[in-house]
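Here's a quick briefing to go with the model on your screen. Have a look at the ligand site, then at the sheets and the helices packed on them.

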Amino acid sequence: MAIAKVIQYSDLPEDLQALLKEHCDVTRVGISLDLPQEQSLVPLFADVEGLIGVGQKVDSKLIELAPKLKVTSTVSVGYDHFDVPALTRRGIMLMHTPDVLTETTADMIFTLILCTARRAAELDRMIKQGRWTKTIDSEYFGSDVHGKKLGILGLGRIGSAVARRAHNGFNMEILYFGRSVKERAETEYGARRYTLDEILAEADFICSVLPLSDETHKLIGSEELSKMKKDAFLINGGRGPVVDEAALITALQNKTIRGAGLDVFEKEPLPIDSPLLALANVVTLPHIGSATHETRYEMAKCAVDNLIAALRSQSTKNCVNPEVVE
Ligand code: DGY
């Protein structure tokens, strides 16, 4: 007997799809719930109690169409695409997938640090284009990573996993910027908390893992970029709009910083005419922080489990707004 009517708006692995169907009455719709444009979807929302998927903006307009909605379950840790206050006002639980993607995302951020510093993508292109004709000289030299200063903006789960790699594997000095003191990271990785300005002035690599909020939107703009060292790198593995992309493009074009490694952008997918794509001193990745077979499976499993548990017993494990059931 199904516990609830659910709309599923992105793919799930076969066994998890079956698990969801075992518990819920599931309607699979396309990725675009772009309502009210997709008028045909409107009637579906009248009696839906659960939503599951990723990549969909869930705003107050969409919520209004679903008077019986109880739980939304996103297959992501980030939830900036949800209007959380609107969900909370309506008593709708928002579930997400922390922890299962921490290590994989930290691996990717370290890939960006190494790839950017050692110019791996640029030099790979050079060979493939038949331009490796002599021993590499200073024109193509990179920068060391080991022993350098890493400034982490946002020392949460993922930031701490990056710090562990940097400290244990690369003997890096860890500076961090954040709202609270992270005692464990201070003890275990020698991390030290600084102001943003101090980090901008000191760090060789500035790595943002910050979530997107009113506070972090365009936190790194032209003024902040101008405070970075000329040979420093900016890495963004959190959310694109935390960095003012136009200001970053100017800094990269004028070489006021040495380079950038980006997995996230203001607009995704990154428009094909973005000036970033013409720059050799930036490594661009298509938002792949958690995109491994193993981790995407674990995220989907976590999201399905979260949805079923919340619908069945109002379980608040992995709930962003547990106050709605308290
Ligand atoms: C997340 O889970 O928030 C990652 O950015 C992947 O979308």
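In this predicted model, an N or O atom in the side chain of H287 sits 2.7 Å from an oxygen atom of the ligand, which fits the polar contact cut-off used here (a pair of N or O atoms within 3.5 Å; within protein, one must be able to donate a hydrogen and the other to accept it, and residues adjacent in sequence count only if both atoms are side-chain atoms). The protein buries 84% of the 230 Å² that the ligand exposes when taken alone (Shrake-Rupley areas, 1.4 Å probe; for residues, only the protein chains shown count as cover).

Some ground rules: because the model is predicted, local features need pLDDT of at least 70 and side-chain atom pairs count only at pLDDT 80 or more, while totals for chains, interfaces and linings use all residues. Numbering starts from 1 along each chain as its sequence is written, and side-chain values use heavy atoms, with hydrogens and water left out.

**Ligand site**

- The backbone joins in too: an N or O atom of the V77 backbone lies 2.7 Å from a ligand oxygen atom, and a polar backbone atom of G78 is 2.8 Å from an oxygen atom of the ligand.
- Around the ligand you'll find S76, V77, G78, L101, R239, H287, S290 and M299 (a residue is near if one of its heavy atoms lies within 4 Å).
- That shell splits into three nonpolar, four polar and one charged residue, where Ala, Val, Leu, Ile, Met, Phe, Trp, Tyr, Cys and Pro count as nonpolar, Asp, Glu, Lys and Arg as charged, and the others, Gly among them, as polar.

**Seven-stranded sheet**

- Seven strands make an open, parallel sheet in the order 8-7-6-9-10-11-12; strands pair if DSSP finds at least two bridges between them, and helices (H or I, at least four residues) and strands (E, at least two) are DSSP runs numbered from the N terminus.
- Strand 8 (192-193) and strand 12 (282-284) are the edges, each pairing on one side only.
- Strand 10 (residues 233-236) runs parallel to strand 11 (residues 259-262), joined by four bridges, and L234 stands opposite A260 in strand 11.
- Helix 11 (residues 245-253) lies across strand 10, strand 11 and strand 12, at about 140° to strand 11; contact means heavy atoms within 4.5 Å, and angles run from 0 to 180 degrees between N-to-C directions of axes fitted to C-alpha atoms, for helices over the stretch in contact.

**Five-stranded sheet**

- Another open sheet has five strands in the order 2-1-3-4-5, again with parallel pairing.
- Its edges are strand 2 (24-28) and strand 5 (93-95), each paired on one side only, and the twist averages 20° from one strand to the next.
- Strand 4 (residues 71-74) connects to strand 5 through three bridges, with V71 partnered by M93.
- Helix 12 (residues 293-313) lies across strand 1, strand 2, strand 3, strand 4 and strand 5, running at about 170° to strand 4.

**Backbone oddities**

- Most residues other than glycine have a negative phi, and most peptide bonds are trans.
- E268 and P269 are joined by a cis peptide bond, omega about -5°, and P269 is in the loop between strand 11 and strand 12.
- K255, in the loop between helix 11 and strand 11, has a positive phi near 55°.
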